[in-house]
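Hi everyone, thanks for making room for me today. I'd like to walk you through a structure and a few local details in it. Have a look at it first, and then we'll start with a question.

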Amino acid sequence: MPGKQSPMTEFQSLRQSLISWYLANHRDLPWRKTTNPYHIWVSEVMLQQTQVDTVLPYYRRFLKRFASLERLARADLQAVLKVWEGLGYYARARNLHRAAGIILHHHHGIVPDGWEDFRKLPGVGDYIAAAVLSIAFEKPYSVVDGNVKRVLARLFLVENPVNQSTSIKIFKEAADRLLSHEDPATFNQAMMELGAMVCKPQQPLCSTCPIQRMCLAYGTGRVGEYPKKLKRSPTPQFKIAVGVVFKNRRVLITRRKPEGLLGGLWEFPGGKIQNNENAKDACIREIKEETNLSVGVDSHLGRIKHAYTHFKIVMDVYCCSYISGKVKLNGPADHRWIKLDKLDDYPFPKANHKFFAELKQFAASAIG
Ligand code: SF4
């Protein structure tokens with residue numbers, strides 16, 4: 001660290017500058033006005049993969065519907081997924097729901113404030129445990145998210161790539177050294193806020209930064225070189241075909257298995273198009289394999305593009321007619337024949353929502 005003070009005094013001064021800046025400048029966000037561990041936990045789970053602006057309405061809706069941990073624990077998973085619908089990373093909702101059940105039955109409905117008990121709940125990793133225990137219970141655990149890693153990388157000129165899993169130890173050690181043990185809640189939130197609002201990925205606002213005088217990247221004119229990152233291989237793209245099977249003015253929907261990508265959500269049957277296969281044939285084959293039904297393809301409803309974190313899909317959607325067979329599931333966990341006006345009662349992935357309007361329009365003109 002530059003300067004003539006001892007490292008401990010430098011760190012103390014950095015903590016004070018950071019905390020004073022945070023208290024005067026932080027954004028007015030609902031989860032910052034509470035010490036309710038359940039509310040803080042919900043916010044941290046939502047924020048883990050999602051931007052603040054997107055989270056805000058979901059956070060409010062979720063806590064309106066499941067105002068207490070007990071209400072969440074006693075709710076049906078489908079109701080929880082419905083409120084989470086569109087936020088993505090549905091394992092977060094499933095784990096939160098399971099964890100609430102465990103707390104209700106094994107911790108008298110009270111969120112545990114000890115690392116051991118809290119960390120072993122479903123979906124609680126090191127980040128969530130440190131964030132909730134420090135913010136809600138003032139426990140001295142440092143948080144290391146993407147924003148914090150960027151700040152630390154610039155502050156200390158950390159050479160380890162921020163997107164390499166083995167680097168986490170280095171960043172965690174740096175965060176632990178800096179952490180304020182007097183006020184871990186404010187300190188952790190200040191670090192995250194600084195990364196989000198000042199030490200941004202592009203064009204950081206160094207001129208207004210409260211810790212500028214201690215920042216090695218700034219001091220050496222190398223802000224643009226940090227954080228270091230490993231080059232990622234290009235995102236794979238998959239071609240998918242799905243069919244909306246009509247039978248007696250109802251359509252077939254299937255429910256994904258509870259675990260894994262989009263687990264527990266409903267969708268229309270379909271799957272990956274194989275090499276040398278056209279989308280229509282893939283649609284017919286996938287429906288047969290997944291549901292045992294023979295269908296005919298009537299029309300092409302549209303082509304949807306959607307990006308997940310690690311891959312992209314291009315999805316051809318067909319309207320199909322039931323020909324024969326009795327549903328026997330191979331893959332999906334459940335199925336329903338529903339009227340189209342009941343579509344909104346079920347949680348669907350975002351990619352499916354992208355063709356709902358066309359589907360409803362098609363149905364209105366084709367079957368009245
Ligand atoms: Fe980030 Fe600039 Fe502040 Fe350094 S001075 S921590 S690079 S905003």
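So, which side chain is joined to that of Ser142 by a polar contact of 2.6 Å? It's Asp176: the side chains of Ser142 and Asp176 make that 2.6 Å polar contact. Before I go on, please keep in mind that this is a predicted model.

Let's stay with Ser142 for a moment. Ser142 sits in the loop between α8, residues 126-137, and α9, residues 146-156. Its side chain has a polar contact with the side chain of Lys172 too, at 2.9 Å. Buried or exposed, then? Ser142 is buried, because its relative accessible area is 1% and the cut-off for buried is under 20%. If you leave aside the neighbours within four places in sequence, the contacts of Ser142 are Ala130, Lys172, Ala175, Asp176, Leu179 and Asn188.

There's another residue in that loop to look at. Glu138 also lies between α8 and α9, and it has a positive phi of about 60 degrees although it isn't a glycine. Most residues other than glycine have a negative phi, and most peptide bonds are trans. Glu138 is at 42% relative accessibility, so it counts as partly exposed.

Asn248 is a residue other than glycine with a positive phi as well, near 50 degrees. You'll find Asn248 in the loop between β1 and β2. With a relative accessible area of 67%, Asn248 is exposed, because the cut-off for that is over 50%.

And since we've just talked about peptide bonds: the one from Tyr226 to Pro227 is cis, with omega near 0 degrees. Pro227 is in the loop between α12, residues 216-219, and β1. Tyr226 has something else going on, because we can look at its ring: the charged end of Lys228 sits over that ring, 4.7 Å from the centre. Over at Trp337, Lys247 lies over the face of the ring, 5.2 Å from the ring centre.

Next, the packing. The largest nonpolar core has 110 residues, and the ones with the most contacts inside it are Trp41, Phe62, Phe118 and Phe268. Which element gives the most to this core? That's α8, with nine residues. There's also a second, separate core of 13 residues, including Leu252, Ile273, Ala279 and Tyr318. Back to Phe62: again without the neighbours within four places in sequence, it is in contact with Tyr38, Val42, Met46, Leu72, Val80, Val83, Trp84 and Leu96.

Now for α13, which runs over residues 279-291. Does the geometry add up? Well, what span should we expect for its 13 residues? The expected span uses one less than the number of residues, times 1.5 Å, so for α13 it should be 18 Å, and the end C-alpha atoms are indeed 18 Å apart.

At the N-terminal end of α13, Asn278 acts as a cap, with a side-chain oxygen 3.1 Å from the backbone nitrogen of Lys280. Just after the helix, Asn292 takes a positive phi of about 75 degrees. Within α13, Ala279, Ala282, Cys283, Arg285, Glu286, Ile287, Glu290 and Thr291 are buried. An α-helix has 3.6 residues a turn, so residues three or four places apart point the same way. What covers those buried residues of α13? The cover includes the strands β1 (237-247), β2 (250-255), β4 (270-272), β5 (294-307) and β6 (312-324).

On to the aromatics. The structure holds 15 aromatic pairs. One of them is Phe355 with Phe356, an edge-to-face pair at 6.1 Å centre to centre with 85 degrees between the planes. Phe355 and Phe356 are both buried. Ring pairs also link them with Phe268 and Phe348 into a cluster, and Phe268 is one of the residues with the most contacts inside the largest core.

Last stop, Val148. It's in helix α9, and at 1% relative accessibility it counts as buried. Leaving aside neighbours within four places in sequence, Val148 is in contact with Val143, Met191 and Met192. How far apart are the C-alpha atoms of Val148 and Asp341? They're separated by 45 Å, with the two residues 193 apart along the chain.

Technical notes
Residues are numbered from 1 along each chain as its sequence is written. This is a predicted model: local features need pLDDT of at least 70, side-chain atom pairs count only at pLDDT 80 or more; totals for chains, interfaces and linings use all residues. Side-chain values use heavy atoms; hydrogens and water are left out. Helices (H or I, at least four residues) and strands (E, at least two) are DSSP runs, numbered from the N terminus. Buried means under 20% relative accessible area, exposed over 50%, partly exposed in between (1.4 Å probe, protein chains only). A polar contact is a pair of N or O atoms within 3.5 Å; within protein, one must be able to donate a hydrogen and the other to accept it, and residues adjacent in sequence count only if both atoms are side-chain atoms. Contact means heavy atoms within 4.5 Å. A nonpolar core is a set of buried Ala, Val, Leu, Ile, Met, Phe, Trp, Tyr and Cys residues joined through side-chain atoms within 4.5 Å. Rings of Phe, Tyr and Trp (its six-membered ring) pair if their centres lie within 6.5 Å; planes under 30 degrees apart count as stacked, over 60 as edge-to-face and the rest as tilted. A charge sits over a ring if NZ of Lys or CZ of Arg is within 6 Å of the ring centre and within 35 degrees of the ring normal.
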